[in-house]
Amino acid sequence: MNATDLETAALQFMTEIDALKTEIDPKFPWYPYGSLNNFVHLKPLFEQFPLHQLLGDRPALDIGAADGDLAFFLERLGHAVEVIDHAPTNFNGLRGARLLAERLNSAVVIHDVDLDSYFALPATRYDLVFFLGILYHLKSPFLVLESLSKVTKYLLLSTRIARFTPQADPIRHLPVAYLLDPTEANNDSTNYWIFSETGLLRLFDRSGWDVLAHRSVGDTKSSDPARPGHDERCFALLASRAPFPG
């Protein structure tokens with residue numbers, strides 16, 4: 001499946017899964033943000049590096065899966081998938097993912113893991129891990145990225161970045177991160193580190209990754225860490241430098 005067909009299939013599945021959520025319980029607190037629309041932004045990366053080549057033969061891992069939409073889509077494509085999220089910080093305590101898994105008769109395995117404490121991944125080796133929209137929610141992003149570099153060949157990541165501080169100081173070319181106040185961004189105390197682009201790329205390098213491709217979307221002129229209207233996201237495909245057998 002080429003990148004265009006993959007994008008189309010993901011958006012079609014998003015419509016299907018949204019309808020299923022309404023059918024199961026329209027009043028249930030489903031995760032309110034789309035995850036499969038990330039394929040619109042991932043399409044240029046998949047044009048360079050086709051998804052089926054990245055996936056390999058091992059199960060894929062989706063970290064921070066919300067209601068599991070991405071995992072269920074990958075399963076629909078014929079891939080084995082595992083999910084990692086943490087019930088206390090998941091939007092609905094992982095109940096949404098489990099409801100969908102039951103209704104879909106899915107074989108996706110759901111693991112409750114806290115990445116902000118000592119953690120062990122379900123397997124010792126993955127070919128591809130999805131890590132979309134999670135990095136800025138972590139207290140120790142360096143530790144998590146370094147740990148992942150030791151167990152997976154490729155990482156697909158997206159995270160919020162900023163070109164200016166809230167006080168309008170330029171930071172794009174500085175290797176820095178901005179630590180948010182608990183109420184500063186969407187009144188969400190689970191938001192922590194917003195990196196500059198230079199800071200994010202240095203973080204990748206220092207934690208054991210090579211950048212195969214990356215792109216930014218959103219406010220690519222005046223982004224800052226806090227204001228919703230000035231949100232910029234970086235999408236990156238990373239390759240681990242760790243020596244993997246096989």
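Start by selecting Y33 in this predicted model. At 57% relative accessibility, Y33 counts as exposed, because the cut-off for that word is over 50%. Now add Y31 to your selection. Y31 has 33% relative accessibility, so Y31 is called partly exposed.

Keep both tyrosines on screen and look at their rings. A pair of aromatic rings is described by the distance of the centres and the angle of the planes. For Y31 and Y33 the centres are 5.5 Å apart and the planes stand at 75 degrees, which means that the pair is edge-to-face. In total, the structure holds six aromatic pairs.

For another of these pairs, select F39 and F46. Their ring centres lie 5.9 Å apart with the planes at 35 degrees, so this pair is tilted. Are these two residues buried or exposed? Both F39 and F46 are buried. Next, add F13 and F73 to the selection: together with F39 and F46, they make up one aromatic cluster.

Now go back to Y31, which will lead you to the largest pocket. Which residues lie nearest the centre of this pocket? They are Y31, G133, I134, Y136 and H137, out of 47 residues that line the pocket. The space inside comes to about 1400 Å³.

To see more of the lining, colour the elements that give two or more residues to it: α2 (38–48), β1 (60–63), β2 (81–85), β5 (152–161), β8 (209–218) and β9 (232–240). Finally, try colouring the lining by residue type. You will find 22 nonpolar, 16 polar and nine charged residues there.

Methods
Residues are numbered from 1 along each chain as its sequence is written. This is a predicted model: local features need pLDDT of at least 70, side-chain atom pairs count only at pLDDT 80 or more; totals for chains, interfaces and linings use all residues. Side-chain values use heavy atoms; hydrogens and water are left out. Rings of Phe, Tyr and Trp (its six-membered ring) pair if their centres lie within 6.5 Å; planes under 30 degrees apart count as stacked, over 60 as edge-to-face and the rest as tilted. Buried means under 20% relative accessible area, exposed over 50%, partly exposed in between (1.4 Å probe, protein chains only). On a 1 Å grid over the protein atoms alone, a cavity is a set of points where a 1.4 Å probe fits but cannot get out, and a pocket is an open set with protein on both sides within 12 Å along at least five of seven lines; lining residues have an atom within 4 Å of a point. Grid points are joined across faces, edges and corners, and a volume is the space filled by probe spheres set on the points. Helices (H or I, at least four residues) and strands (E, at least two) are DSSP runs, numbered from the N terminus. Ala, Val, Leu, Ile, Met, Phe, Trp, Tyr, Cys and Pro count as nonpolar, Asp, Glu, Lys and Arg as charged, and the others, Gly among them, as polar.
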